[in-house]
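Me: I would like to go through the reasoning behind some labels given to this structure. Please set each value against its cut-off.

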Amino acid sequence: QVQLVESGGGLVQAGASLRLSCTASGRTFGSYATWSRQAPGKERESVATINWIGGSRYYADSVKGRFTISRSSAKNTVYLQMNSLNPEDTAVYYCAAGTGPWATDLGSWGQGTQVTVSS
């Protein structure tokens, strides 16, 4: 199983940027890495996914044009660059490894990293 550790969250003002990181240990990410988020009282929402080999990327409509997912094979790390943040982006952000786009079936969730955007 892959173990995942997220970092990079924080408290920022609306319009600011943050870059999240997620490093895997135990094994590689597999075919896909996915970033998801969960706001208080809401279901977990997947926001970005990337093919580890080919680099194909897909985004949820809620973040398209503002967030960019990328990866470093050398560092076994996936990143989420978040620009033009707004209060609706406030959530705990998690990464996951999977066998397909948006899949989260390899390993368990990390502890997440809190992102708070003030208006």
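Me: What makes strand 5 mostly covered?

Reply: This is a predicted model. Buried means under 20% relative accessible area, and five of the seven residues in strand 5 are buried. Strand 5 is therefore called mostly covered.

Me: How do you know that strand 5 pairs with strand 4?

Reply: Pairing requires at least two bridges found by DSSP. Strand 4 and strand 5 are joined by six bridges, so they pair, and they run antiparallel. Within this pair, Arg 37 stands opposite Glu 45 of strand 5. The two strands form a hairpin with six residues between them, and Gly 41 in the turn has a positive phi of about 75°.

Me: What makes strand 6 a partner of strand 5?

Reply: The cut-off is again at least two bridges. Three bridges join strand 5 to strand 6 (residues 57–59), so the two count as paired; their direction is antiparallel. One bridge partnership is that of Ala 48 with Tyr 59 in strand 6. Here too there is a hairpin, with five residues between the strands; Gly 55 in its turn has a positive phi of about 85°.

Me: Why is the link between Cys 22 and Cys 95 called a disulfide?

Reply: The two sulfur atoms must lie within 2.5 Å. For Cys 22 and Cys 95 the S to S distance is 1.7 Å, so the pair qualifies. Cys 22 belongs to strand 3 and Cys 95 to strand 9, so the disulfide ties together parts that are 73 residues apart in sequence. Both cysteines are buried. By this rule the count comes to one disulfide.

Me: Why is Thr 113 called buried?

Reply: Its relative accessible area is 9%, and the cut-off is under 20%. Thr 113 is therefore buried. This residue lies in strand 10.

Me: What makes the approach of Thr 113 to Gly 9 a polar contact?

Reply: The side chain of Thr 113 reaches the backbone nitrogen of Gly 9 at 2.9 Å, and the limit is 3.5 Å. Leaving out residues up to four places away in sequence, Thr 113 also touches others, including Glu 6, Leu 20 and Tyr 93.

Me: Which residues have the most contacts inside the largest nonpolar core?

Reply: They are Phe 29, Trp 35, Ile 69, Val 78, Leu 80, Met 82 and Tyr 93, in a core of 30 residues. Among the strands that each supply at least two core residues are strand 3, strand 5 and strand 9. Beyond four places in sequence, Tyr 93 is in contact with residues including Trp 35, Leu 80, Met 82 and Thr 113.

Technical notes
Residues are numbered from 1 along each chain as its sequence is written. This is a predicted model: local features need pLDDT of at least 70, side-chain atom pairs count only at pLDDT 80 or more; totals for chains, interfaces and linings use all residues. Side-chain values use heavy atoms; hydrogens and water are left out. A nonpolar core is a set of buried Ala, Val, Leu, Ile, Met, Phe, Trp, Tyr and Cys residues joined through side-chain atoms within 4.5 Å. Buried means under 20% relative accessible area, exposed over 50%, partly exposed in between (1.4 Å probe, protein chains only). Helices (H or I, at least four residues) and strands (E, at least two) are DSSP runs, numbered from the N terminus. Contact means heavy atoms within 4.5 Å. A polar contact is a pair of N or O atoms within 3.5 Å; within protein, one must be able to donate a hydrogen and the other to accept it, and residues adjacent in sequence count only if both atoms are side-chain atoms.
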